[in-house]
Amino acid sequence: MIGRLNHIAIAVPDLDAATATYRDTLGGAVSQPLDQPDHGVTVVFVDLPNTRIELLHPLGDGSPIANFLERNPAGGIHHVCYEVADLIAARDRLSAEGARVLGDGKPRIGAHGNRVLFLHPKDFYGTLIELEEV
C-alpha cells in the first residue's frame, strides 16, 4: 500500500539557522520558506536525490510544532511521510485494521498541493506517519 518515502520532517526551533545548516554546511538545495496556515507551520524543503527533508517551524499560536518544540527544545524528527496512490482507500483499509487517523479523518491539502492524512504514532511504534496522495 505505501509507496516511496516522500519526506522526513524535522521540527526546528530556528528556521533560518536550520536552513543555513542544510544549505551551507551540508550543501543541500533548499526552498524558500512556505507558510502553511492550515497546518500551523512554516516549511522549508531540502531536495535530495532520493527524497526530501522538510524543516518545520511553528506558525502562529497553537501550532502543533510549538508543542513538539516545548518537549524537544533542540528540535527533532517530527514525522515520516509515505506516498500512496489512493488516500481514501488507504485510510479506510488502515482504519478497518485498527489504525487511528488523526483529526476528523478528512484529508487536507499539504505543502505540495496534494491530499494528506496523519496516523497516530502509538499505532506505528512511536512514529507519526503522514500519508500523501500522489
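Me: What makes Asp-24 count as exposed?
Reply: Asp-24 has 54% relative accessibility. Exposed means over 50% relative accessible area, buried means under 20%, and partly exposed is in between (1.4 Å probe, protein chains only). With 54%, Asp-24 is therefore exposed. This is a predicted model, where local features need pLDDT of at least 70 and side-chain atom pairs need 80 or more, while totals for chains, interfaces and linings use all residues. Residues are numbered from 1 along each chain as its sequence is written, and side-chain values use heavy atoms, leaving out hydrogens and water.

Me: Why is the pairing of Arg-23 with Asp-24 called a salt bridge?
Reply: Their closest N and O atoms are 2.8 Å apart. A salt bridge needs a side-chain nitrogen of Lys or Arg within 4 Å of a carboxyl oxygen of Asp or Glu, so this pair fits. Arg-23 itself, at 39%, is partly exposed. The structure holds seven salt bridges.

Me: What makes Arg-100 and Asp-123 a link between distant parts of the chain?
Reply: First, the bridge itself: their side chains meet at 2.9 Å, N to O. The two residues are 23 apart, with Arg-100 in the loop between H3 and strand E7 (108–109) and Asp-123 in the loop between E8 and E9. Helices (H or I, at least four residues) and strands (E, at least two) are DSSP runs, numbered from the N terminus. Both partners are partly exposed, Arg-100 at 40% and Asp-123 at 25%.

Me: What is notable about the phi of Tyr-125, in that same loop between E8 and E9?
Reply: Tyr-125 isn't a glycine, yet has a positive phi of about 60°. Tyr-125 is also exposed, with 84% relative accessibility.

Me: How do you know that Glu-132 has no salt bridge?
Reply: The nearest side chain of opposite charge, Arg-52, is 5.4 Å away. Lys and Arg count as positive and Asp and Glu as negative, while His and the chain ends are not counted. Since 5.4 Å isn't within the salt-bridge limit, Glu-132 stays unpaired, buried though it is. Glu-132 is found in strand E9 (residues 129–133). Its contacts (heavy atoms within 4.5 Å) include His-7, Tyr-82 and Arg-115, leaving aside residues up to four places away in sequence.

Me: Why is the charged end of Arg-52 said to sit over the ring of Phe-45?
Reply: That charged end is 5.9 Å from the ring centre. The rule asks for NZ of Lys or CZ of Arg within 6 Å of the centre and within 35 degrees of the ring normal, so 5.9 Å fits the distance part.

Me: What makes up the largest nonpolar core?
Reply: There are 10 residues, including Val-84, Leu-87, Leu-117 and Ile-129. Helix H3 (87–96), strand E8 (115–119) and E9 each give two or more, and H3 has the largest share, three residues. A nonpolar core is a set of buried Ala, Val, Leu, Ile, Met, Phe, Trp, Tyr and Cys residues joined through side-chain atoms within 4.5 Å. Apart from that core lies another of nine residues, among them Val-43, Phe-45, Leu-56 and Leu-69.
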